[in-house]
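Welcome! Take a moment to look over the model below, and then let us walk through it together.

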Amino acid sequence: MQNGALRAAGLYPAVAAGGFRRYATYGTATAAGVFTNTVFGFIVAYTYIALWDERPGLGGYDQAQALTFVWVSQSLLAAAALIGGGFQEELQERIRTGDVAVDLYRPADLQLWWLAADLGRAGFQLLGRGVLPLVAGALAFPLALPVDPVRWLLFLVSVLLALVVSFALRYMVGLVAFWLMDGAGINVMATVASIFFSGMLLPLTVFPGGFGELVRILPWAAMLQVPMDVLLGEHAGAGGAAAALGFQAGWALVLLGTGRLLQSAATRKVVVQGG
Amino acid sequence: MLEGLRGYRLIVGMWIRSTMTYRTSFVLTTFGQAAITLLDFVAIYIMFSHVDALGGFVLPEIALLYGSCSASLGLADLLLGNTDRIGARIRDGSLDTMLVRPVPVLAQVAADRFALRRLGRIGQGVGVMGWAVWTLDVDWTVGKVLLVPVMVLAGAAIFGAVMVAGAAFQFVSGDAAEVQNSFTYGGCTMLQYPPTVFAKDLLRGVTFIVPLAFVNWLPALYVLGRPDPLGLPGWVAYLSPLVAFVVFLPASLAWRAGGRSYRSTGS
């Protein structure tokens with residue numbers, strides 16, 4: 001049993017490293033992604049300038065903070081799989097072909113296995129597709145990036161939690177393939193929700209009234225809006241930071257747990273089909 | 001040309017039949033595609049809950065820009081959108097099987113995994129544009145009325161040329177579908193906002209280098225009776241079909257050059 005635990009302790013980091021290396025091999029695709037994120041960054045930045053010129057302080061941000069929002073969003077987009085991408089299509093394909101049965105026989109936990117692989121992927125994309133667009137944005141526009149190292153550290157923790165929440169949601173989306181044999185429809189709907197409710201299109205603090213209050217407590221807020229506010233210093237003080245990270249951790253636990261329940265329901269279904 | 005169209009039609013028919021096998025999924029994806037693109041407009045709508053004008057343009061004016069570019073891109077995406085998969089096909093070697101078939105490769109690549117769900121984007125674009133035309137207080141002339149559908153079709157052709165050029169680029173670059181996306185999807189994101197929002201250099205680039213401004217900015221500015229920020233005369237609004245025709249020349253030359261340079265991966 002102890003041996004098993006030791007093996008597992010080495011196994012998941014190895015899976016994560018594999019996920020990292022796998023995406024590192026797509027050099028051209030990464031360069032193309034950096035180009036795309038930079039182009040979109042410029043376009044959105046100009047529209048935000050027009051908007052914040054009209055309404056300074058909109059959503060509680062000044063113009064430099066709004067521009068920071070744009071460029072950091074572009075940097076997190078691929079890592080947090082905010083507009084789709086990631087592993088869920090592959091999981092669905094393995095479910096559709098029945099290969100998932102082999103995965104279930106492995107002496108590894110299915111959910112942790114995919115979490116490790118996805119964090120590896122996200123880690124690469126954070127470096128490969130995250131840094132350069134942000135540098136381009138910082139060179140072209142006045143950004144409100146913090147100088148306080150503690151703030152950056154909190155931001156990185158918040159990003160890690162964002163990646164876990166993003167994974168947990170997409171894992172459930174992937175598992176839906178056990179019931180719907182073709183996942184394309186549910187994937188599109190999941191992407192719709194992620195783009196709109198994460199703050200990708202517009203900071204959630206700009207959403208009006210009660211609708212705005214609602215979108216800020218949904219799990220998608222943990223994927224972009226919260227890390228962004230941590231970076232911009234909107235959650236000042238130890239209490240504020242703890243509340244922000246706690247909100248993310250809470251959603252991560254709830255969603256991972258729900259995914260686990262869904263997984264056990266799904267795997268019972270595999271046995272029925274196999275017999 | 002004719003065999004290309006015939007081949008295209010056959011492959012498209014096959015993919016449509018295949019799509020219809022999972023009917024629930026088709027309905028969901030088509031609806032989702034419409035919703036996903038409509039959300040861009042919802043974001044603009046939310047912006048307008050805080051401001052009266054953006055770059056000097058009011059909401060129905062932006063809706064005209066948004067809807068026309070969305071419909072154009074949707075149309076180009078439906079007919080040619082999957083050309084961006086060519087990079088993946090070069091990488092896994094499956095382009096080779098296309099080369100030995102008696103149908104032009106471009107027709108095969110364009111029809112590859114034809115996605116009827118893209119009707120969703122076209123539908124919502126036309127819908128928003130319809131609302132704009134209904135709401136706008138425009139002094140309609142025959143020329144302006146004709147210009148609206150011409151703008152959508154010529155815009156689709158310009159996006160189509162960009163897609164073919166992007167596919168040709170992938171012969172050289174390998175898997176770089178995203179570069180193409182930044183001109184098509186990125187271009188459309190830009191064109192849904194008024195040109196007054198953007199820097200002059202950017203406007204010059206998308207007017208004279210990659211002529212995206214002819215997709216909808218120039219025709220729509222004319223319909224709305226607004227001057228072009230670069231000072232171009234009003235009649236350029238009618239040049240979109242010509243521009244669409246002209247940009248297909250470099251795109252098709254690039255496609256041919258790309259095809260000739262192709263070396264199979266051998267797998």
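In this predicted model, Asp118(A) and Arg121(A) both belong to helix H6 (residues 110-140) of chain A, where they sit three residues apart, about one turn of the helix. Their side chains meet in a salt bridge (2.7 Å, N to O). Are these two partners buried or exposed? Asp118(A) counts as buried because its relative accessibility is 4%, and Arg121(A), at 3%, counts as buried too.

Helix H4 (residues 88-97) of chain A offers another pair: Arg96(A) and Glu93(A) are three residues apart there, so about one helical turn separates them. A salt bridge joins their side chains (2.9 Å, N to O). Here Arg96(A) is partly exposed, with a relative accessible area of 41%, and Glu93(A) is partly exposed as well, at 39%.

Chain B has a salt bridge between Asp112(B) and Arg85(B). Asp112(B) lies in the loop between helix H6 (105-111) and helix H7 (119-135) of chain B, while Arg85(B) lies in the loop between helix H3 (59-80) and helix H4 (86-92), so the pair ties together parts that are 27 residues apart in sequence. Asp112(B) is buried at 4% relative accessibility, whereas Arg85(B) is partly exposed at 24%. Back in chain A, salt bridges with shared partners link Arg94(A), Asp103(A) and Arg106(A) into one network.

Over all chains, the structure holds 13 salt bridges. Four of them are listed here:

| Pair | Closest N to O |
|---|---|
| Asp118(A) and Arg121(A) | 2.7 Å |
| Arg96(A) and Glu93(A) | 2.9 Å |
| Asp112(B) and Arg85(B) | 3.5 Å |
| Arg129(A) and Glu178(B) | 2.9 Å |

The pair Arg129(A) and Glu178(B) leads us to the place where the chains meet. One salt bridge is found across this interface, along with four residue pairs in polar contact. On the side of chain A that touches chain B, helix H2 (27-54) and helix H8 (184-197) each give two or more residues, and H2(A) provides the largest share, 15 residues. By class, that side has 24 nonpolar, six polar and four charged residues.

How much area is buried between chain A and chain B? The value is about 3100 Å², with carbon and sulfur atoms giving 78% of it. In chain A, the residues that lose the most area to chain B are Ile43(A), Tyr46(A) and Thr47(A), together 16% of what that side buries.

Finally, chain B as a whole: it has 12 helices and zero strands. Its radius of gyration is 19 Å, which agrees with the value near 18 Å for a compact globule of 267 residues. Of those 267 residues, 55% count as buried.

Key:
Residues are numbered from 1 along each chain as its sequence is written. Chains are lettered from A and ligands numbered from 1 in the order in which they are written. This is a predicted model: local features need pLDDT of at least 70, side-chain atom pairs count only at pLDDT 80 or more; totals for chains, interfaces and linings use all residues. Side-chain values use heavy atoms; hydrogens and water are left out. Buried area is the accessible area (1.4 Å probe) that two parts lose on being put together, summed over both. A salt bridge is a side-chain nitrogen of Lys or Arg within 4 Å of a carboxyl oxygen of Asp or Glu. A polar contact is a pair of N or O atoms within 3.5 Å; within protein, one must be able to donate a hydrogen and the other to accept it, and residues adjacent in sequence count only if both atoms are side-chain atoms. Helices (H or I, at least four residues) and strands (E, at least two) are DSSP runs, numbered from the N terminus. Ala, Val, Leu, Ile, Met, Phe, Trp, Tyr, Cys and Pro count as nonpolar, Asp, Glu, Lys and Arg as charged, and the others, Gly among them, as polar. The radius of gyration is taken over C-alpha atoms; the globule rule is 2.2 Å times the number of residues to the power 0.38. Buried means under 20% relative accessible area, exposed over 50%, partly exposed in between (1.4 Å probe, protein chains only).
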